[in-house]
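Student: I should like to understand how the descriptive terms used for a structure are justified. May we work through some of them?

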Amino acid sequence: MAKLKAPKSVTRRTADAGRDGPRGWVERAQDFYFERKSLVTGLAAAVIIIVAGILGFNYIQGERVRQAEELLGGIIMHYENGDYRTALDGSGETLGLLDIIDQYGSLSAGNMARFYAGDALFRLGNYDEALVYFEAFDAKDNLVGASAIAGQAAIYELRQDYEQAGALYRRAAGMEDNSLRSPVYLVAASRAYSEAGQFERAEEALETAIEQYPDTDLEDEIEFRLGFVRVRMN
């Protein structure tokens with residue numbers, strides 16, 4: 001005959017119920033903490049160190065961004081005054097574009113310094129060096145980006161690599177929806193394609209200029225070139 005288990009006492013049932021209720025959870029949490037106090041403390045310290053590191057990194061980066069922008073602003077006046085050599089090498093009072101690129105190349109100001117360096121070198125006739133900086137420049141779909149691509153195109157055109165020049169001029173025109181500069185780039189693309197003997201591409205660039213920019217001041221030149229291209233095609 002099976003033995004009947006004696007029922008839990010009221011005191012025992014009350015204690016067990018307490019362990020399963022809200023107070024019980026608190027007690028278990030306390031037990032967990034004290035049993036693993038060193039682990040919990042270590043994890044908390046690690047979180048604090050990580051957060052502090054992130055905040056410190058962001059502060060340092062913010063300072064670097066500010067410094068780079070100040071340095072770029074300080075040297076640009078030499079570029080704007082046509083003193084391109086000083087703009088590149090520095091004035092003695094501030095870093096030049098080349099040093100800004102070396103020290104802050106990963107920042108936005110460092111990237112802009114590449115564009116200005118490329119343009120300054122181009123104006124000084126150092127085309128090979130200019131191309132290096134134009135190609136390294138992270139060109140966005142805006143006026144400056146289009147100018148950098150057009151700078152590359154001009155250098156390839158000087159090298160008589162007309163097909164590459166035409167493609168780059170065409171790309172520059174497509175990057176910037178600007179009624180002043182885009183027609184210029186399209187005409188330049190047509191000129192380069194014509195020199196490469198690719199008259200169909202030359203015609204297409206001119207037709208794009210007529211269609212998209214009917215009010216351009218280059219209308220007469222575009223019509224003249226279009227007639228020339230079509231004669232050569234026939």
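Tutor: A salt bridge is a side-chain nitrogen of Lys or Arg within 4 Å of a carboxyl oxygen of Asp or Glu. By this criterion, E63, R66 and E70 are linked in a network of salt bridges. The model is predicted, so local features need pLDDT of at least 70, side-chain atom pairs count only at pLDDT 80 or more, and totals for chains, interfaces and linings use all residues. Residues are numbered from 1 along each chain as its sequence is written, and side-chain values use heavy atoms, with hydrogens and water left out.

Student: What makes the pairing of E70 with R66 a salt bridge?

Tutor: The closest N and O atoms of E70 and R66 are 3.0 Å apart, and the limit is 4 Å, so the pair qualifies.

Student: Why is E70 called exposed?

Tutor: Exposed means over 50% relative accessible area, buried under 20%, and partly exposed in between (1.4 Å probe, protein chains only). E70 has 52%, so E70 is exposed. R66, at 35%, therefore counts as partly exposed.

Student: Why is D119 called buried?

Tutor: The relative accessible area of D119 is 12%, so D119 is buried. D119 also forms a salt bridge with R123, with the closest N and O atoms 2.6 Å apart.

Student: How do you know that T208 and R170 are joined by a polar contact?

Tutor: A polar contact is a pair of N or O atoms within 3.5 Å; within protein, one must be able to donate a hydrogen and the other to accept it, and residues adjacent in sequence count only if both atoms are side-chain atoms. The side chains of T208 and R170 are joined at 3.2 Å, so the distance criterion is met.
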